[in-house]
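Me: Please take one part of this structure and look at it closely. Explain the terms as they come up, and put the part in the context of the rest of the chain.

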Amino acid sequence: MIKDNRMTSRQYFLDKTGMWTSALCAVHCIVVPIVISMSAFSSWTFLHNESIENVVLMISGVIAVISLLPSYVRHHRKLIPIVILLVGFFLIGLSRLAVEVNESVFASSGAALVASAHFLNYRFCKKAHSA
């Protein structure tokens, strides 16, 4: 079996989408509690909608699986992006169980780790492709 070492434009797109989605999620987790706590914006509670957050988490998970696992198998064989991804999703899951005060800390840290996992995957694939 011949291994194709080329990184596809689909792979670039998935990693970039994963990075941006996770980064926006981290910003959302930090900014929304601050904005809602301000009296002038207290009616903006729609920004803290658990259903929307769950959909974004599912989409992020799907992007991560279809991006990182094939990259590991086809390109770089480095587990670190997958480990970082799992720790990130663990922290996000922990944020769903945490007290309100700690929720944004766990969720934003987890989202930052998910973005980092995509970034590392992108770099490892690019390096494997250029080798």
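Reply: **The α1 helix and its surroundings**

Helix α1 runs over residues 9–37, and its 29 residues should span 42 Å at 1.5 Å a residue; the C-alpha atoms at its two ends are 42 Å apart, which agrees. (Helices, H or I of at least four residues, and strands, E of at least two, are DSSP runs numbered from the N terminus; the expected span is 1.5 Å times one less than the number of residues.) The model is predicted, so local features need pLDDT of at least 70 and side-chain atom pairs pLDDT 80 or more, while totals for chains, interfaces and linings use all residues. Residues are numbered from 1 along each chain as its sequence is written, and side-chain values use heavy atoms, without hydrogens or water.

The agreement in length does not exclude a bend: α1 turns by about 30° at V31, the angle being taken between axes fitted to the seven residues ending there and the seven starting there. A proline, P33, follows V31 within four residues.

The buried residues of α1 (under 20% relative accessible area; exposed is over 50%, partly exposed in between, with a 1.4 Å probe and protein chains only) begin with Q11, L14, D15, G18 and M19. The list goes on with S22, C25, A26, C29, V32 and V35. In the chain as a whole, 34% of the 131 residues count as buried.

α1 is one of four helices in a chain with zero strands, and the order along the sequence is α-α-α-α. Among contacts (heavy atoms within 4.5 Å) between residues at least 6 apart in sequence, 74% join residues at least 24 apart.

Two of the buried residues of α1, S22 and C25, also line the largest cavity. (On a 1 Å grid over the protein atoms alone, a cavity is a set of points where a 1.4 Å probe fits but cannot get out; a pocket is an open set with protein on both sides within 12 Å along at least five of seven lines; lining residues have an atom within 4 Å of a point.) The count comes to one cavity of 30 Å³ or more, and the largest cavity has a volume of about 40 Å³ (the space filled by probe spheres set on the points, which are joined across faces, edges and corners). Besides S22 and C25, its lining consists of V56, L57, S60, F89, I92, A111 and V114. Helices α1, α2 (50–76), α3 (80–97) and α4 (100–130) each supply at least two of these residues, and the largest share, three, comes from α2. The lining has seven nonpolar, two polar and no charged residues (Ala, Val, Leu, Ile, Met, Phe, Trp, Tyr, Cys and Pro are nonpolar, Asp, Glu, Lys and Arg charged, the others, Gly among them, polar).

One lining residue from α2 can be placed against α1 directly. V56 lies in α2 and is 31 residues from C25 in sequence, with 8.4 Å between their C-alpha atoms. V56 is partly exposed, with a relative accessible area of 34%.

α1 also takes part in the largest pocket, which has a volume of about 460 Å³. Its lining draws two or more residues from each of α1, α2, α3 and α4, and α1 gives the most, eight. In total 24 residues line the pocket, and H28, C29, L47, H48 and E53 lie nearest its centre. Its lining has 13 nonpolar, seven polar and four charged residues, whereas the cavity lining has no charged residues.

E53, one of the residues nearest the pocket centre, is in helix α2. At 15% relative accessibility it counts as buried. Apart from its neighbours within four places in sequence, E53 is in contact with H28, H48 and R96; H28 and H48 are also among the residues nearest the pocket centre.

Further from the part in question, α3 also matches its expected length: its 18 residues reach 26 Å from first C-alpha to last, close to the 26 Å expected at 1.5 Å a residue. Its buried residues are P81, I82, I84, L85, G88, L91, I92 and S95, and I92 is one of the residues lining the cavity. I82 is 17 residues along the chain from V65, with 9.1 Å between the C-alpha atoms. V65 belongs to α2 and is partly exposed at 44% relative accessible area.

The loop between α2 and α3 holds R77. Its phi is near 55°, a positive value in a residue other than glycine, and R77 is partly exposed, at 48%.
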